[in-house]
Amino acid sequence: MRHLISPLDFSVDELDELLKLANDIEKNPKNYAHACDGLKLATCFYEPSTRTRLSFEAAMLNLGGSILGFSSADSSSAAKGESVSDTIRVISSYADICAIRHPKEGAALVASSKSGIPVINAGDGGHQHPTQTLTDLLTIYSLKNRLGNMTIGLCGDLKFGRTVHSLIHALIRYPGIKFVLISPEELRVPDYIREDVLKKNNIPFTELERLEDALPDLDILYMTRVQKERFFNEEDYVRMKDFYILTKEKLNLAKEDMLILHPLPRVNEISVEVDDDPRAVYFKQAQYGVYVRMALILTLLKWR
Ligand code: CP
């Protein structure tokens with residue numbers, strides 16, 4: 001049995017297979033409409049979500065399966081003090097596969113160690129969000145026809161943004177990747193990403209504060225929101241929250257074929273006027289999230 005806890009749990013070859021399967025699902029959805037007949041997905045979400053939970057549920061329903069679960073800690077027995085380990089042991093007898101989101105780093109890993117069914121990390125604190133990474137990779141692969149040989153700008157809250165941490169881990173395995181890390185001083189990537197992931201693997205990267213300085217060189221601009229829920233005080237969040245706002249005017253500095261991605265939800269960091277620009281693909285990205293989660297469910301159930 002395999003789980004997906006970190007984006008590195010799949011080899012590059014396995015990822016390629018998964019992305020190809022997701023592409024085929026997009027083109028031929030009817031071929032997969034009964035692939036999970038009689039099977040159940042549990043979504044155990046201890047933190048708020050729109051895209052991840054609902055795209056997982058849409059994915060399982062598209063495959064002919066059924067769904068069950070909870071969407072907040074308050075509506076589960078976590079509110080009475082039940083541990084993640086006990087919860088997953090119980091869920092293992094109710095469902096065939098489980099997606100879990102939890103505010104504590106490592107919670108999905110703990111769940112997988114006690115689970116009788118495949119566990120998918122749907123976000124653990126500020127740590128990792130591997131299915132967002134699969135979504136991001138599918139978006140880039142589908143729209144650029146490659147995953148290597150490009151300059152990726154990551155902009156915003158690079159300290160707490162778990163989607164950024166997961167994406168860096170995943171992309172360094174492809175050749176010719178350069179990163180431009182764009183953030184205010186206080187929200188720079190954690191040291192372990194800079195030292196143990198980027199420097200250790202000789203990945204070229206620069207760190208900048210001004211988005212305008214980075215824009216002309218980028219093939220991909222990955223915007224992120226400032227993660228309000230991870231700040232210790234409101235004052236710091238308010239000071240940081242509008243540090244970056246991507247406008248139509250700033251986009252004049254970017255390449256014609258640059259793609260703008262964002263894991264969403266958006267707050268203020270991309271002006272709504274940018275939504276009509278053909279380079280803005282963040283809503284399409286959310287759609288790719290369904291295909292890639294369908295491919296993931298099929299793959300993990302096949303390996304069970
Ligand atoms: N991108 C993402 O994880 O969105 P949700 O928090 O809405 O699931």
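A nitrogen atom of the ligand is 3.0 Å from an N or O atom in the side chain of Gln 132, which fits the cut-off for a polar contact, a pair of N or O atoms within 3.5 Å. The protein covers 91% of the 260 Å² of accessible area that the ligand has on its own (Shrake-Rupley method, 1.4 Å probe). This is a predicted model, where local features need pLDDT of at least 70 and side-chain atom pairs count only at pLDDT 80 or more, while totals for chains, interfaces and linings use all residues. Residues are numbered from 1 along each chain as its sequence is written, and side-chain values use heavy atoms, with hydrogens and water left out.

**Other ligand contacts**
- The side chain of His 129 has an N or O atom 2.8 Å from an oxygen atom of the ligand.
- Leu 264 uses its backbone: an N or O atom there lies 2.9 Å from a nitrogen atom of the ligand.

**The shell**
- Around the ligand stand Ser 49, Thr 50, Arg 51, Thr 52, Arg 101, His 129, Gln 132, Pro 263 and Leu 264, each with a heavy atom within 4 Å.
- By class, two are nonpolar, five polar and two charged.
- The ligand lies between domain 1 (7–128 + 287–302) and domain 2 (131–285), because both give residues to its shell; the bounds come from an automatic or database domain assignment.

**The largest cavity**
- About 60 Å³ of space lies in the largest cavity, the volume being the space filled by probe spheres set on the grid points.
- Its lining includes Arg 51, Gln 132, Pro 263 and Leu 264.
- A cavity is a set of points on a 1 Å grid over the protein atoms alone where a 1.4 Å probe fits but cannot get out, and lining residues have an atom within 4 Å of a point.

Conventions. A polar contact is a pair of N or O atoms within 3.5 Å; within protein, one must be able to donate a hydrogen and the other to accept it, and residues adjacent in sequence count only if both atoms are side-chain atoms. Ala, Val, Leu, Ile, Met, Phe, Trp, Tyr, Cys and Pro count as nonpolar, Asp, Glu, Lys and Arg as charged, and the others, Gly among them, as polar. On a 1 Å grid over the protein atoms alone, a cavity is a set of points where a 1.4 Å probe fits but cannot get out, and a pocket is an open set with protein on both sides within 12 Å along at least five of seven lines; lining residues have an atom within 4 Å of a point.
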